[in-house]
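Q: Please take one part of this model and look at it closely. Then work outward to whatever it connects with. Keep the cut-offs explicit.

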Amino acid sequence: MNEPITAIEPVVREITVAAPADTCFTTFVDGFATWWPPEHHIGDDRTIAALHLEPFVGGRCYDVDTAGGECQWGTVLTYEPPSRLVLAWHIQGDWTVDLDPQLQSEVEVTFTPLDDATTAVRLEHGKLERHGAGAAGLRSGISGDGGWTVLVGRFGDVAEGRPPRAIVGP
């Protein structure tokens with residue numbers, strides 16, 4: 001008999017960005033490599049040379065290391081410029097990747113214009129329970145200071161035309 005799945009509270013980060021919604025969306029997707037830190041990757045012995053988020057449904061979110069190896073850690077599920085993006089998150093609680101759709105959480109990012117020059121950006125990383133036994137550890141990692149908090153801040157910096165803030169910590 002299958003055990004009932006207990007929902008895990010999503011991680012939500014919100015930021016108001018002094019830039020139009022289309023600039024925010026473009027920065028998030030096409031400018032992904034400008035704000036996502038290359039040191040945020042899977043595997044300790046890899047040096048990342050490129051980061052990619054392919055701008056279409058079914059597109060891959062992946063990095064390429066200096067040896068040419070690729071690691072796909074996400075897939076674009078919804079692509080609605082300039083208002084909404086949903087990504088499947090394939091990174092598990094033990095920081096490995098599993099492409100099984102039953103084991104993926106989802107990252108939804110919405111871009112809501114507040115006026116012509118300001119956008120409310122909301123990121124929700126939900127359906128974490130799909131990661132099974134490792135879900136709590138994954139949630140702890142993505143909700144901490146080195147997780148979505150700093151990543152969304154770095155995105156906001158770049159969307160507003162500033163260099164991304166430094167990653168602080170170990």
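**The loop and its surroundings**

A: Trp95 lies in the loop between β5 and β6. Strands (E, at least two residues) and helices (H or I, at least four) are DSSP runs, numbered from the N terminus. The model is predicted, so local features need pLDDT of at least 70 and side-chain atom pairs count only at pLDDT 80 or more, while totals for chains, interfaces and linings use all residues. Residues are numbered from 1 along each chain as its sequence is written, and side-chain values use heavy atoms, with hydrogens and water left out.

Start with the backbone. Phi of Trp95 is near 65 degrees, a positive value in a residue other than glycine. Trp95 is partly exposed, at 38% relative accessible area. The cut-offs are these: buried is under 20%, exposed is over 50%, and partly exposed is in between, with a 1.4 Å probe and protein chains only.

Gln104 is also found in the loop between β5 (84-89) and β6 (105-115). Gln104 counts as buried because its relative accessibility is 9%. Its contacts (heavy atoms within 4.5 Å) reach several places. Leaving aside neighbours within four places in sequence, they are Leu77, Ala88, Trp89, His90, Lys127, Arg130 and His131.

Two of those partners are worth following. Take Lys127. It sits in the loop between β7 and α3 (135-143). Lys127 has a positive phi near 60 degrees, and it is not glycine. Its relative accessible area is 37%, so Lys127 is partly exposed.

Now Trp89. It leads to the nonpolar core. Such a core is a set of buried Ala, Val, Leu, Ile, Met, Phe, Trp, Tyr and Cys residues joined through side-chain atoms within 4.5 Å. The largest one has 36 residues, and Trp89, Trp148 and Phe155 have the most contacts inside it. Helix α4 (residues 145-159) gives the most to this core, with seven residues. Trp148 touches Trp89. Not counting residues up to four places away in sequence, Trp148 also touches Val11, Arg13, Trp36, Val107, Leu123, His125 and Ile142.

Val152 is found in α4 too. Val152 is buried, since its relative accessible area is 8%. Outside its neighbours within four places in sequence, Val152 is in contact with Arg13, Ile15 and Leu123. Val152 and Glu14 are 138 residues apart in sequence, yet 7.9 Å apart C-alpha to C-alpha.

Next, empty space. Rolling a probe the size of a water molecule over the atoms shows where such space is left. On a 1 Å grid over the protein atoms alone, a cavity is a set of points where a 1.4 Å probe fits but cannot get out; lining residues have an atom within 4 Å of a point. Grid points are joined across faces, edges and corners, and a volume is the space filled by probe spheres set on the points. The structure holds one cavity of 30 Å³ or more. The largest cavity has a volume of about 30 Å³. Its lining is Arg13, Phe28, Val109, Val121, Arg122, Leu123, Val152 and Phe155. Two elements, β7 (118-126) and α4, give two or more residues to that lining. β7 gives the most, with three. By class, the lining holds six nonpolar, no polar and two charged residues. Here Ala, Val, Leu, Ile, Met, Phe, Trp, Tyr, Cys and Pro count as nonpolar; Asp, Glu, Lys and Arg count as charged; the others, Gly among them, count as polar.

Back to β5, and the strands before it. Two strands pair if DSSP finds at least two bridges between them. β4 and β5 are antiparallel, with six bridges. Thr78 has Val86 in β5 as its bridge partner. β4 and β5 form a hairpin with three residues between them. Pro82 is found in the loop between β4 (70-80) and β5. The peptide bond joining Pro81 and Pro82 is cis, with omega about -5 degrees.

One strand back, β3 and β4 pair antiparallel over five bridges. Cys61 has Gly74 in β4 as its bridge partner. Four residues lie between the strands of this hairpin, and Gly68 takes a positive phi near 95 degrees there.

Further back, five bridges join β2 (residues 48-53) to β3 (residues 60-65), again antiparallel. Ile48 is the bridge partner of Asp65 in β3. The β2 and β3 hairpin has six residues between its strands, and Gly58 takes a positive phi near 90 degrees.

Technical notes: On a 1 Å grid over the protein atoms alone, a cavity is a set of points where a 1.4 Å probe fits but cannot get out, and a pocket is an open set with protein on both sides within 12 Å along at least five of seven lines; lining residues have an atom within 4 Å of a point.
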